Amino acid sequence: MPVEPQSHPDEPHTDFTSPRRRRSVEPVLMDTAEVAAMLNMSTSWIYREASKLGLRGYKLGRGRNAKVLYKRSDIFKWLEQQKIH
């Protein structure tokens with residue numbers, strides 16, 4: 001008989017077989033390459049135009065290898081504003 005893992009009484013119970021557990025979660029942040037691919041633009045265009053578009057990046061790391069991430073919701077908000085009426 002398999003032994004069930006014990007959890008601490010103060011910890012919330014997690015059911016790893018639950019269907020909710022298997023759902024993928026949409027990321028909150030997107031890197032520059034993901035934004036560029038989504039908008040069908042180049043990464044250099046994203047870097048150059050981000051501030052004009054009102055997109056504020058979050059810089060993680062230092063120097064040339066720093067990664068700039070953008071909020072997915074900001075991207076979609078900007079995209080909605082570009083809709084032709």
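In what order do the elements of the chain run from the N terminus on? I read the order as α-β-α-α-β-β-α. The model I consulted is a predicted one.

**Entry 1: overall composition**

I counted four helices and three strands in the chain. The chain holds 85 residues, and buried residues make up 24% of them. I then looked up the accessible surface, which comes to about 7700 Å². Carbon and sulfur atoms account for 53% of that surface. For the contacts, I considered pairs at least 6 apart in sequence; 46% of these join residues at least 24 apart.

**Entry 2: the nonpolar core**

I next examined the largest nonpolar core and found that it has 13 residues. Val 35, Ile 46, Leu 55, Tyr 70 and Ile 75 have the most contacts inside this core. Which elements give two or more residues to the core? I noted α2 (32-39), α3 (43-53), β3 and α4 (72-81). The largest share comes from α3, with four residues.

I followed Ile 46 further, leaving aside its neighbours within four places in sequence. Ile 46 is in contact with Thr 32, Val 35, Ala 36, Leu 39, Met 41 and Tyr 70. Two of these partners, Val 35 and Tyr 70, are also listed among the core residues with the most contacts.

**Entry 3: Asp 31**

I located Asp 31 in strand β1, which spans residues 29-31. Is Asp 31 buried or exposed? Its relative accessibility is 18%, and the limit for a buried residue is under 20%, so Asp 31 counts as buried.

I recorded two kinds of side-chain interaction for this residue. The side chain of Asp 31 reaches the backbone nitrogen of Ala 33 at 3.2 Å. It also meets the side chain of Lys 67 in a salt bridge, at 3.9 Å from N to O. This pair links distant parts of the chain, with Asp 31 in strand β1 and Lys 67 in strand β3 (residues 67-71), 36 residues apart. Side chains of opposite charge can pair when their charged atoms come close. Lys 67 counts as partly exposed, at 43% relative accessibility.

Beyond neighbours within four places in sequence, I found Asp 31 in contact with Lys 67, Val 68 and Leu 69.

**Entry 4: the other salt bridges**

How many salt bridges does the count come to? I obtained four. One of them joins the side chains of Arg 48 and Glu 49, at 3.6 Å from N to O. Arg 48 is partly exposed, with a relative accessible area of 49%, whereas Glu 49 counts as buried at 15%. I noted further that Arg 48, Glu 49 and Lys 52 are linked in a network of salt bridges.

I also looked up the pair of Lys 83 and Glu 80, whose side chains meet in a salt bridge at 3.0 Å from N to O. Lys 83 is partly exposed, with a relative accessible area of 47%.

**Entry 5: a nonpolar surface patch**

Which residues form a nonpolar patch on the surface? I identified Val 28, Leu 29 and Tyr 58, with about 270 Å² of accessible area together. I placed Val 28 in the loop between α1 (19-22) and β1. Val 28 has a relative accessible area of 60% and is therefore exposed, the limit being over 50%.

Notes
Residues numbered from 1 in each chain as written. Predicted model: local features only at pLDDT ≥ 70, side-chain atom pairs only at ≥ 80, totals over all residues. Heavy atoms only, no water. Buried < 20%, exposed > 50% of the residue type's maximum accessible area, 1.4 Å probe, protein only. Polar contact = N/O pair within 3.5 Å; in protein donor to acceptor, adjacent residues only side chain to side chain. Contact = heavy atoms within 4.5 Å. Patch = residues over 30% accessible without salt bridge, like charges linked within 9 Å, V, L, I, M, F, W, Y side chains within 5 Å. Areas by Shrake-Rupley, 256 points an atom, 1.4 Å probe, with all protein chains shown as cover. Core = buried A, V, L, I, M, F, W, Y, C linked by side-chain atoms within 4.5 Å.
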